Amino acid sequence: MHYKFITIEGNIGAGKTTLANMLAKHFSAKLILEEFADNPFLPLFYERPQQYAFPLELFFMAERYKQLKDMLQTKDLFSEVVISDYLFIKSLLFAKINLPEEEYSLYQKLFDIINPQLVQPELLIFLNAPVTKLQQNIKQRNRSYEQQIPDDYLLNVHDMYMQYIKQHPVRTLVIDTTKVDFLRQPEDFKSLLASLEKEYEPGVHYLKL
Ligand SMILES: Nc1ncnc2c1ncn2[C@@H]1O[C@H](COP(=O)(O)OP(=O)(O)OP(=O)(O)O)[C@@H](O)[C@H]1O
């Protein structure tokens, strides 16, 4: 495997954490998982988005920075594989959707100061699922505060990620997960592992599993 730092991304409920866990186990890798449950503003945000968006986004940025920075300080770069289930820029993409213009511009200033200090992944795996499947997953895992997420919010998040992926020369594998289930269909996971043996140019690659 050529890649020492892989990040999994995708919409809410796309299955990032499951795949990150499976890959980390397979490669005996260091795992960095988003700690959204520690964000006290998340349930409040889903109830009253306008009131809580700014502290929510600030909290996410601070936590993610700390996590990624700690990882860089404690590991011998890159003697072991690292798998994470979020990109640092995720905070900025969500902030663009959730914050009014002036607040977003302040947030972006902070982001631009912090971001250059962090290492970017060598490979981004983007899980692309239709909104109906995301809603199904969200229902099944049954986190109470997520049960009223409108389709439009998921569509906005999707568009934001797509725009980012197309504009940045990150080496990205986009996987359509409509019929893919890494956990219950072992052949899907095997097929992904085989794809990870290949070397990819920077840019977007659409993977058929
Ligand atoms: N920057 C952010 N702004 C607003 N909400 C966020 C932000 N980052 C994460 N969240 C929310 O935190 C919760 C968990 O986020 P995330 O999508 O990363 O994990 P997940 O849905 O459990 O992922 P998966 O199912 O793909 O493993 C979701 O409700 C998501 O909307």
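Contacts that reach far along the sequence dominate here: of those between residues at least 6 apart in sequence, 77% join residues at least 24 apart. Bear in mind as you look around that this is a predicted model. The chain carries 8 helices and 6 strands, and the notes below go from the overall fold to one helix pair.

**Overall fold**
- From start to end of the sequence, the elements run β-α-β-α-α-β-α-α-β-α-α-β-α-β.
- The chain is as compact as a globular protein of its length, because its radius of gyration is 17 Å, close to the 17 Å that the globule rule gives for 209 residues.
- Along the principal axes, a box of roughly 45 × 40 × 30 Å holds the C-alpha atoms of the chain.
- Of the 209 residues in the chain, 28% are buried.

**How α4 meets α7**
- A pair of packed helices is described by the angle between the axes and the distance between them.
- Helix α4 spans residues 90–98 and helix α7 spans residues 151–167; the two pack at an angle of about 130°, and their axes lie 10 Å apart.
- With that angle falling outside the parallel, antiparallel and perpendicular ranges, α4 is therefore oblique to α7.
- The crossing of these two helices, α4 and α7, is right-handed.

**Residues at the α4–α7 contact**
- On the α4 side you will find L93, K96 and I97.
- Helix α7 brings N156, V157, M160, Y161 and Y164 to the contact.
- Sorted by class, the contact of α4 with α7 has 6 nonpolar residues, 1 polar and 1 charged.

How values were computed
Residues numbered from 1 in each chain as written. Predicted model: local features only at pLDDT ≥ 70, side-chain atom pairs only at ≥ 80, totals over all residues. Helix = DSSP H or I, 4+ residues; strand = E, 2+ residues; numbered from the N terminus. Rg over C-alpha atoms; globule rule 2.2 N^0.38 Å. Buried ≥ 20, exposed ≤ 12 C-beta atoms within 10 Å, placed from the backbone. Contact = placed C-beta atoms within 7 Å. Axes fitted to C-alpha atoms, helices over the stretch in contact; angles between N-to-C directions. Parallel < 35°, antiparallel > 145°, perpendicular 65-115°, else oblique. Left-handed = near helix turned anticlockwise from the far one by under 90°. Nonpolar A, V, L, I, M, F, W, Y, C, P; charged D, E, K, R; others polar.
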